[in-house]
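User: I would like to go through the enclosed and open spaces of this model, and then one charged residue. Please state the terms as you go.

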Amino acid sequence: MANINVDGDYSDDKGNLIVAPKNLHNVTVNFVGDNNKLIIADTSKIRNINFDFPSHNAVILIGKNGNLSGQIRAGYSCHINIGDNVTCTNKIYITSAEKTKIIIGDDCMFATGNQIRSDDAHAIYDVNSGERVNKSKDIIIGEHVWFAFNSVVLSGSQIGEGSVVGFASIVKGKYLNNCIIVGAPARATKYNIAWERPHVMLSEPWIRTHQNQIKSKKEYWNKTIENKPIYVGQGVFHNIHKLNPFEESTNKTKYHPYVELYYIFLQENRIYLKGIAAIIGIPCPEYSPSIKNFLLFINESSCHSKQLAKFSDPNISRKLFNGDYISYDKAGMFSFRNEGLSIDDIPDGTYKLKIKLTFNKLEYYIDLKCENFKESFYQNDELILKLYVIQNIIYFEKTTKILI
């Protein structure tokens, strides 16, 4: 079949599908088999690239703002997912076969002559046993990884975020985050490193000797950690959402809530708190208006509710949830406008504190806990207020003084 020039959406009678913006420069697709999908983000800047689907049921997902060029091949039932802001200096070659997946995280940077291969193109067998010795395997590359000239990544490789793959290196294996990977075969030679995108030849300062000379992206400056999950960036997960759009559901077991308290204290007759309240598994930010969080005051006879505000911190998703969807980019919770929560309308009594997380018809209730919290106390001429902990659960007590 002849190559198709990509200029917007396309479908054929074999079940092949393209979802793409118009006005891409020299982007072509070759569909040989059936039921293949190519989905390209509206803001993608890919150019001079060919997508090849030689078999059936394969998927290629391209994230926002990247400028890739070259060739990408997805074989039988393969899945290639490339995140946001992935760039290359010159043509790149990416190939997958035999039901494998390749994930390339957000903000990865390729040079010239790079290859990513989950297959070896031809099968090799042991002549004694007849067993295949070079089976195709998945490749996972974390966000913000720099691939130098002619470096190659082979089947089964996993590279942690923030790392650097050196000149002409042949990568096959598992590597930690924020390390330098060099050689053939490649090995990690230095840990606890960070790199920045600006080319040292093209912008000031003309000689760089220290981090304080540049404006660094703090989210990528991390120490190397053993046994750390690979963070690939939210662009990769947003791509998946485009492939399988979110369907509203009342099945609570499909998602799970997460609450973490940074601090809570009393100041005059108000409660101040800050932390995280997230429903993991719900895409962000498309459905944000439906998500609300509440602080509940509960005892045997009553329940009182105070709505919480939300704040944005991308590191909440990045570091805690390994890229999983969380409910809203603004997964942080705090008392509105830092003015605290008034408890004037809370009757006297002792209450267990809970967080209520809601998304449309879904509701989750979680005890408010804090291992390091001891107590907070406030009193004036009219009342006494206490926050204290029993078995890590926070309780609130209010007593109005009887004036004689």
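User: How do the residues lining the largest cavity divide into nonpolar, polar and charged?

Analyst: This is a predicted model, in which local features need pLDDT of at least 70, side-chain atom pairs count only at pLDDT 80 or more, and totals for chains, interfaces and linings use all residues. Residues are numbered from 1 along each chain as its sequence is written, and side-chain values use heavy atoms, with hydrogens and water left out. The largest cavity is lined by I46, I62, G63, G66, L68, I82, G83 and V86, where Ala, Val, Leu, Ile, Met, Phe, Trp, Tyr, Cys and Pro count as nonpolar, Asp, Glu, Lys and Arg as charged, and the others, Gly among them, as polar. The lining therefore divides into five nonpolar, three polar and no charged residues.

User: Which elements give two or more residues to the lining of the largest pocket?

Analyst: The largest pocket has 22 lining residues, and W146, E196, R197, P198 and V200 lie nearest its centre. Strands here are DSSP runs of E with at least two residues, numbered from the N terminus. The elements giving two or more residues to this lining are β13 (109–110) and β16 (146–147).

User: Which side chain of opposite charge is nearest to D119, and how far away is it?

Analyst: D119 sits in the loop between β14 (115–117) and β15 (139–141), and its side chain reaches the backbone nitrogen of A121 at 3.0 Å. D119 is buried (under 20% relative accessible area, 1.4 Å probe, protein chains only), yet it has no salt bridge, a term for a side-chain nitrogen of Lys or Arg within 4 Å of a carboxyl oxygen of Asp or Glu. The nearest side chain of opposite charge is R117, at 4.3 Å.

Methods
On a 1 Å grid over the protein atoms alone, a cavity is a set of points where a 1.4 Å probe fits but cannot get out, and a pocket is an open set with protein on both sides within 12 Å along at least five of seven lines; lining residues have an atom within 4 Å of a point. Helices (H or I, at least four residues) and strands (E, at least two) are DSSP runs, numbered from the N terminus. Buried means under 20% relative accessible area, exposed over 50%, partly exposed in between (1.4 Å probe, protein chains only). Lys and Arg count as positive and Asp and Glu as negative; His and the chain ends are not counted. A polar contact is a pair of N or O atoms within 3.5 Å; within protein, one must be able to donate a hydrogen and the other to accept it, and residues adjacent in sequence count only if both atoms are side-chain atoms.
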